[in-house]
Amino acid sequence: MKGYGLTAAVALALVATGAGAQGMVFTSWGGTTQDAQTKAWATPFTEATGIAVVQDGPTDYGKLRAMVEAGRVTWDVVDVEYDYALQACGQGLLEPLDFSVIDRRDLDPRFVSDCAVGSFYFSFVLGYNPANFPDARPASLADLFDTERFPGKRTFYQWAAPGVIEAALLADGVAPDDLYPLDLDRAFAKLDTIKDEIIWWSGGAQSQQLLASGEAPIGLFWNGRLAAIQADGLDVGIVWEQNITAADALVVPKGAPNREAAMQFIAHATSPEAQAEFAALTGYAPINLRSPDLMDPAIRATLPDMQTAMQINADLAYWGEHRDEIAARWYAWQAE
Amino acid sequence: MASRVTTESPVHAASGGVGPAAGHAGSATVPALRRRPSGLALALPALVLLLAFFALPVVLFLARSVTEPQPGFQNYAALFGGPTYLRILLNTFIVGGVVTAVTALLAFPVAWALAIMPPRWSALLFGIIVLSMWTNLLARTYAWMVLLQQTGVINRMLQALGIIDEPLRLVNNLVGVTIGMVYIMLPFMILPLTGVIRKIDPMILQAASLCGATRGQAFRRILLPLAAPGLAAGGLMVFVMSLGYFVTPALLGGTSNMMMGQLVAQQVQSLTNWGLGAAAAFVLLAVTLLLYAMQIRLLGRPEGMR
């Protein structure tokens, strides 16, 4: 409904400003992330180019596929998970990006591919509520699986995505270099040891609620969400040791009606300034390598890109290739 | 980050759950059409609309269950071939059954009270019940989450009163799903039940007691059989609505209580595995229609759907 309201408003605005004004649609996940994308990317983009950006959402892979297959695409730029972007590119659902418009020289090469550039990247980090663990503090992913020393429910991301499986393997003693190909049998065996103690979070707001209320005093979280609770003045423990990175991506669905505007938008959104601004607003890391120099050092210190020494990069290409089979097994295991 | 989606999409899934309500309106118009042929002309635009924008897309989507990824029945083989999906199907029935039973138990006294209250009071109570249906489903479900969690109001109060030592597990399991769904389903049971109980002549109960029936006997042998059509109508509606439920189990349940609606959404939205999603949707639809047919056969058309 919000989308329709905005569409109507923009349509009116277009009529009011007369011919020549151009528009495009940006779709993301809603919530604070999309608010920040509007503020850091869309608004300055419209000011600079005169191209109006209509916000839509939430991102829905089923809808994206339906649009492309029916040849009626209404989204121009979509924020998706990076591993999904790789898979969808292989399925021919995405336009190849125009790197004569998008300047890739300064972009983090981990997050650049034919159909996708990073939107931002984030880390899964161990977070805990210190009030629940007065004696010993959790310090590693192994502690996340140690229900004797750290009793209570633990919370994990519900959906099949890079992060939890890697965490289970690392906690079980797999060396970071040996993570891939993922040993799913071993990962699920490790997860089985705490399965009754798991509460799944399906969205960022829920993860914050679970931790802050003490319903689940320990878990694996998106770093930005923990930074947000801390900013609200709550005491939260963050363990950066073995933080696991993954990323979101910006893509253009095949047949997008405003392809050129879409490329310009992505070029703008991945610029050093826009990436720095977004990172400052959300606590997620910029994918433009020149952005960190533009940022306040105090904010920079809280970002995942300052934790590279303790960082493990999820292999997004591996995930893009094996997404479906991992997901099928993941959901079957959850329902068991 | 696929899941930030779930706070939005349940709304669509829930608003799609108009099955029983649509059946209600549809069958109610049929006799009227027979009496007055002009009624058909009036209903035609609505019928065309329904056909073009509801029936046709449903059929097209369900057709994918036998065409994707290849033509054949592989999706149905996958659904019925392993324990996982059968377990989800079973869960769906367990949740639907438990919710229907608890709803009936709670709704009966309320319906009875509504039927025998002075009209002014019953109108007020009725208003309150209907008003609860106007509040956004998602908001109501989140409210339960806050109330039921370990550090929530209910557990805190029980602990403060010394009734329990350890917080009860009221959410992220079957208990949470049941509480959340019963609360939402209650009006759908109370309304038809009240209608039926109101029509029962109070003199019949008086006669029973004059003939020496105890209160229990009067309830079991007089009131309950007479109210059965209302229970059947409400029960069917609640059970069928529960089968396709999505938002409440997703937010208040654990993954081991996963229901078919969640499976369909997961396959369609996140995995874009439309073949399997469509097959699951078809199974759900077939079961619903089968139940409805059985109900009509066993009990006649339920009251309120005549």
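In this predicted model, A:Val80 keeps company with several residues that lie further along the chain. Beyond its neighbours within four places in sequence, A:Val80 is in contact with A:Thr59, A:Ala85, A:Asp248, A:Ala249 and A:Val251. The residue itself sits in strand S3 of chain A, which covers residues 77-81. A:Val80 counts as buried because 27 other C-beta atoms lie within 10 Å, where 20 or more are needed for that label. As a further point of reference, A:Gly57 is 23 residues away along the chain, and its C-alpha atom is separated from that of A:Val80 by 11 Å.

On a wider view, chain A is assigned two domains, each made of two segments: domain 1 takes in 2-121 and 247-308, while domain 2 takes in 122-246 and 322-335. Taken over C-alpha atoms, the centres of these two domains of chain A are 28 Å apart. Where the domains touch, domain 1 of chain A supplies 16 residues and domain 2 of chain A supplies 15. On the domain 1 side, helix H4 (82-90) and strand S4 (117-128) of chain A are the elements that give two or more residues. The largest share of that side, four residues, belongs to H4(A). By class, the domain 1 side of this contact holds eight nonpolar, six polar and two charged residues.

Chain A also meets chain B, through a contact that joins 29 residues of chain A to 25 residues of chain B. On the chain B side, two or more residues come from each of helix H5 (83-116) and helix H13 (260-270). H13(B) provides the largest share there, with four residues. The side of chain B that touches chain A is made up of 14 polar, eight nonpolar and three charged residues.

Helix H5 of chain B has a second role in this description, as a packing partner within its own chain. Two packed helices are described by the angle between their axes and the distance between the axes. For H5(B) and helix H11 of chain B (residues 215-243), the angle is about 145° and the axes are 9 Å apart. The crossing of H5(B) past H11(B) is right-handed. From H5(B), the residues that take part are B:Thr92, B:Val95, B:Gly96, B:Val99, B:Thr100, B:Thr103, B:Ala104 and B:Ala107. They meet B:Leu231, B:Gly234, B:Gly235, B:Val238, B:Phe239, B:Ser242 and B:Leu243 of H11(B). Charged residues are absent from this helix pair's contact, which has eight nonpolar and seven polar residues.

Key. Residues numbered from 1 in each chain as written. Chains lettered and ligands numbered in written order. Predicted model: local features only at pLDDT ≥ 70, side-chain atom pairs only at ≥ 80, totals over all residues. Domains from an automatic or database assignment. Contact = placed C-beta atoms within 7 Å. Nonpolar A, V, L, I, M, F, W, Y, C, P; charged D, E, K, R; others polar. Axes fitted to C-alpha atoms, helices over the stretch in contact; angles between N-to-C directions. Left-handed = near helix turned anticlockwise from the far one by under 90°. Buried ≥ 20, exposed ≤ 12 C-beta atoms within 10 Å, placed from the backbone.
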